[in-house]
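Here are my notes on the model, set out as numbered points. Please read them next to the coordinates.

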2 protein chains.
Amino acid sequence: MPITQWENIYSKYSKIIFIIEIFKRGEGQVTKTSTDVLIVGGSAAGLSVANSTCVWYPDKKVTVVRNVPYTVVPCGIPYIYGTLNSVVKDKIPDEGYLDKGVNFIIGTVIDVDRNNKTAKLSDGSEISYEKLVIGTGSKPVMPPIKGINLKNVFPIEKDPDFLENLGATLEGIKDIVVIGGGFIGVEMAEQIKLKGDYNVTLLEALPRCLLAACEEEAGLKIEEQLEKLGVKVSTNKMAKSIVGTDKVEGVELATGEMLEADMVVLGIGAAPNVDLAEKIGLEVDKKMGIVVDEYMRTIDKDIFACGDCCTKFSIITGKPSAIRLASVATSEGLIVGSNLYSLNRKTRGAVGAFATRVGEVAVAAAGFTEKMANDNGCDYYLGEITAPDRHPGSLPGCTMETKVKLLFNKKNDRLIGGHVIGGFQAADMVNILALAIQQQVTADELAISQYATHPLLTGSPLVYQIMWAAENAIINKKK
Amino acid sequence: MPITQWENIYSKYSKIIFIIEIFKRGEGQVTKTSTDVLIVGGSAAGLSVANSTCVWYPDKKVTVVRNVPYTVVPCGIPYIYGTLNSVVKDKIPDEGYLDKGVNFIIGTVIDVDRNNKTAKLSDGSEISYEKLVIGTGSKPVMPPIKGINLKNVFPIEKDPDFLENLGATLEGIKDIVVIGGGFIGVEMAEQIKLKGDYNVTLLEALPRCLLAACEEEAGLKIEEQLEKLGVKVSTNKMAKSIVGTDKVEGVELATGEMLEADMVVLGIGAAPNVDLAEKIGLEVDKKMGIVVDEYMRTIDKDIFACGDCCTKFSIITGKPSAIRLASVATSEGLIVGSNLYSLNRKTRGAVGAFATRVGEVAVAAAGFTEKMANDNGCDYYLGEITAPDRHPGSLPGCTMETKVKLLFNKKNDRLIGGHVIGGFQAADMVNILALAIQQQVTADELAISQYATHPLLTGSPLVYQIMWAAENAIINKKK
């Protein structure tokens, strides 16, 4: 984006002091400037810290450095292709941040002098800080298979240019293989299929999609929706190599089977981006992220980290957790923002609260699945119920089979996992359960709680799913 | 409903022992039969007790006596007229209860011999019980104004015949006045207007609709939607009398103004139906209901009561509460069912969790409004935020202005009131807040909690409304 365009935007916010010099790059001069709070990374974690710092410390100057011209809604990326039909429509608007006085710098921090509290950018400019926050996010996991670097193999990056290129590549091709049946994989498969008449195949190594967060039955429902749309779902299938000379021509499976492919989309996970933190000597676990304490501080007490790039622990087990999720990042961002100049808050750990929608079905999950509980040696009991999500069920918009499944810790009766499968309120229903996990609510408390209901908006108060899944769990425990 | 028809239904459930003799009425013989649990009333409270008793005490015989041929969804009544276009479509199906072995008797309990634990029905039959549950609900409040007994003045009764009659009366008339701008009033006004080209006027004595549960701004949004549909909303207007000779012809306001009316719908509240309880010598507060303890027992330890007919207290203040709501009734029903033969649970008090939708707007509320907090002398602070309920906001189905407003107790930072105004997830969003009130969650806990988000289902994790309304409240308190 040319500097003049940025100046135009900034002139709209004339009351705010901007470090406009920083944009005068490429002119041979080393610009030196300063800020109070320097945030490296402008996605969910970084912007959340910016929001939070502005309300907790309104007198502090906040600067966000990001290596993209604008920030896309990360979870919105799949919807660029089949619904929004535009990358820029998936933008997080800067205006709200600029209004609060946040400065944005388009650039890359390549080094930090921790003694002098100064960051160095790739264009040679320098910026000094009082507090530094690292929110460098994650990098897509690239499986170590042959052909992974061929043209038209796309991991999911949050860079608008990259996303434009992915969209352009979709024009005029036919066969697409999506590797990985997690959230990003199923959503990309759906949206590409909605975009046009493609042959879309979704490969998942496990027996079901979404197993990293959801119960098998949720994965099954989503697979059914994908198949209804015409996506070919192949579970228990491992990609062995990607074949082609210059660009991808096919995907070879471990079974020997060969799938034709003009494009491969990779959705097999993300690893913390710890490059900068490692370079500047912070403590780093390459697999789990930049090591932070419960206040989200690194070993340098003036440097914080949050979001996908840093370590976390499970709120349920207290053990290290690899949950990397925008909602965890934004919660951590609020904690960091409040802690910068005074330690106000500790993280309680990652709960893992997910939701998606494919076709006519939404699924959502918080905390443990049965498998996770078993893998963690947690003795649990469960209750479930399926009921319409309107009352009477004859009302328009009703999903007759909306199911809630709850898992409780046998030792203390506290909720450790909640799953909703069915209508489109699944996300907000699971948020009742996400809060319940975080507040250590018991089966009995969930069962006798009162919940707002309305014919056009929810299930019946006689079978409100959360109430009765909890009640059924209590009865199951007594059996 | 003829006896043969009931026998046909029951023959479908041949494994269950039915007390079919009870149906052989009108033949001059006094039938005497017995049950373990006798429930008087077949609406939200009674059916909830039936459900709960069946899971807690599966060996007990459960009998529900109701004075209607079938139970309508009480909150669904307005939707009979403008959406379902049928009374019977608003039925709560008996099948689920029959499957569990619940017996239904169509009749009226007119007396109870507490010493011999026997109930007497209006047809002369008698039924003995081990435990009796009174769930006789409420009666519409009839304002003591002239003309209230004229033909075509309709309070809202839950009797199918009554509701059929209301619908039949709507055919061929033009001018309808709805008195009372609470939930039932606004919903009846909307649905009658949707049914046909009526002149519908909604009268509310207070300055805004829905003030008994919602903030003024919620009432305003609903009034705007009603007016968009063509309903005339007249607030600050009191009906002085209903005029007409045989049937209603108009409504005279306290101002002297006269409104033409072919029908008047009354929606000004409900009073506990304590007739039976009073007759059989239980302790009764005519205004607040049958007196129960925290286990929902009356002064007779083998007689319980729940739902609209009995006393309650506020979960926030501990003081007597007049909240009469299906979701309170069903929660109390679960408590009663579990307590019948062993005291398992205490009620925590009524929270008051409401939701409605009119036109394109849903509003929901849990706990206190600002006015209620002030009236109760509760020192509070608040936070609010308005943000889209999809992310990015350009996605289909987005309500750009979805607002959350939270009230916290200044003494202990606990949530005492939560309000959602905007998109159709309002009810489930407010249920996060209803649970938070019941679990005494603080502003800080709500702010740093993690919530599932998804582009097609919720607002952005960067501005998830509950998170940021709580964060803004914390900042407001510090100011």
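The points below go from domains to the interface, then to sheets and single residues.

1. Status and domains. This is a predicted model. Chain A is divided into domain 1, made of 3-67 + 107-139 + 272-339, and domain 2, which covers 361-478. Taken over C-alpha atoms, the centres of domain 1 and domain 2 of chain A are separated by 37 Å.

2. Symmetry. A turn of 180° with a shift of 0.0 Å along the axis lays chain B on chain A, with an RMSD of 0.0 Å. This is the relation of a two-fold axis. The C-alpha of chain B nearest the axis belongs to Ile432(B) and is 2.3 Å from it.

3. Interface. In chain B, 69 residues are in contact with 69 residues of chain A. On the side of chain B that touches chain A, the elements giving two or more residues include α2 (44-56), α9 (326-339), β25 (361-367) and α13 (465-478) of chain B. The largest share, eleven residues, comes from α11(B). By class, this side of chain B has 40 nonpolar, 20 polar and nine charged residues. Of the interface residues of chain B, 100% are also interface residues in chain A, so the copies meet through the same surface.

4. Parallel sheet in chain A. Which strands make up the open sheet, and in what order? There are five strands, in the order β4-β3-β2-β8-β21 (chain A), and their pairing is parallel. The edges are β4 (103-106) and β21 (303-305) of chain A; each has a single partner strand, so one side of each is left without a neighbour in the sheet. On average, and with direction ignored, neighbouring strands of this sheet are turned by 20° against each other.

5. Pairing and packing within that sheet. Four bridges pair strand β2 (residues 37-40) of chain A with strand β3 (residues 62-66) of chain A in the parallel sense. One bridge partner is Val65(A) in β3(A), set against Val40(A). Helix α2 (residues 44-56) of chain A packs on the sheet and touches β2, β3 and β8 (131-134) of chain A. The direction of this helix makes about 175° with that of β3(A).

6. A residue in β8 of chain B. Leu132(B) is found in strand β8 (residues 131-134) of chain B. Is Leu132(B) buried or exposed? It is buried, because 26 other C-beta atoms lie within 10 Å, and 20 or more are needed for that class. Leaving aside residues up to four places away in sequence, Leu132(B) touches Leu38(B), Val112(B), Ala119(B), Asp302(B) and Ile303(B). Of these contacts, Val112(B) is 20 residues from Leu132(B) in sequence and 9.5 Å from it in space, C-alpha to C-alpha.

7. Strand β28 of chain B. Eight of the eight residues of strand β28 (residues 415-422) of chain B are buried, so this strand is largely enclosed by the rest of the structure. Six bridges join β28(B) to β25(B), and the two run antiparallel; here Ala365(B) stands opposite His419(B). Strand β27 (residues 402-409) of chain B also pairs with β28(B) in the antiparallel sense, over six bridges, and Val404(B) stands opposite Val420(B). β27(B) and β28(B) form a hairpin with five residues between them. In its turn, Asp413(B) has a positive phi of about 65°.

8. The loop between β27 and β28 in chain A. Asp413(A) has its place in this loop, and its phi is near 65°, a positive value in a residue other than glycine. Asp413(A) is partly exposed, with 19 other C-beta atoms within 10 Å. Lys411(A) is in the loop between β27 (402-409) and β28 (415-422) of chain A. Lys411(A) counts as exposed because it has 9 C-beta neighbours inside 10 Å. The C-alpha atoms of Lys411(A) and Val178(A) are 233 residues apart along the chain and separated by 42 Å.

9. Backbone geometry to check. The peptide bond from His391(A) to Pro392(A) is cis, with omega near 0°; Pro392(A) lies in the loop between β26 (380-387) and β27 of chain A. In chain B, a cis peptide bond joins His391(B) and Pro392(B), with omega about 0°. Gln440(B), in the loop between α11 and α12 of chain B, has a positive phi near 55°. With 16 C-beta neighbours inside 10 Å, Gln440(B) counts as partly exposed.

Note on methods. Residues numbered from 1 in each chain as written. Chains lettered and ligands numbered in written order. Predicted model: local features only at pLDDT ≥ 70, side-chain atom pairs only at ≥ 80, totals over all residues. Buried ≥ 20, exposed ≤ 12 C-beta atoms within 10 Å, placed from the backbone. Domains from an automatic or database assignment. Contact = placed C-beta atoms within 7 Å. Nonpolar A, V, L, I, M, F, W, Y, C, P; charged D, E, K, R; others polar. Least-squares fit on C-alpha atoms with pLDDT ≥ 70 in both. Pairing = 2+ DSSP bridges. Axes fitted to C-alpha atoms, helices over the stretch in contact; angles between N-to-C directions.
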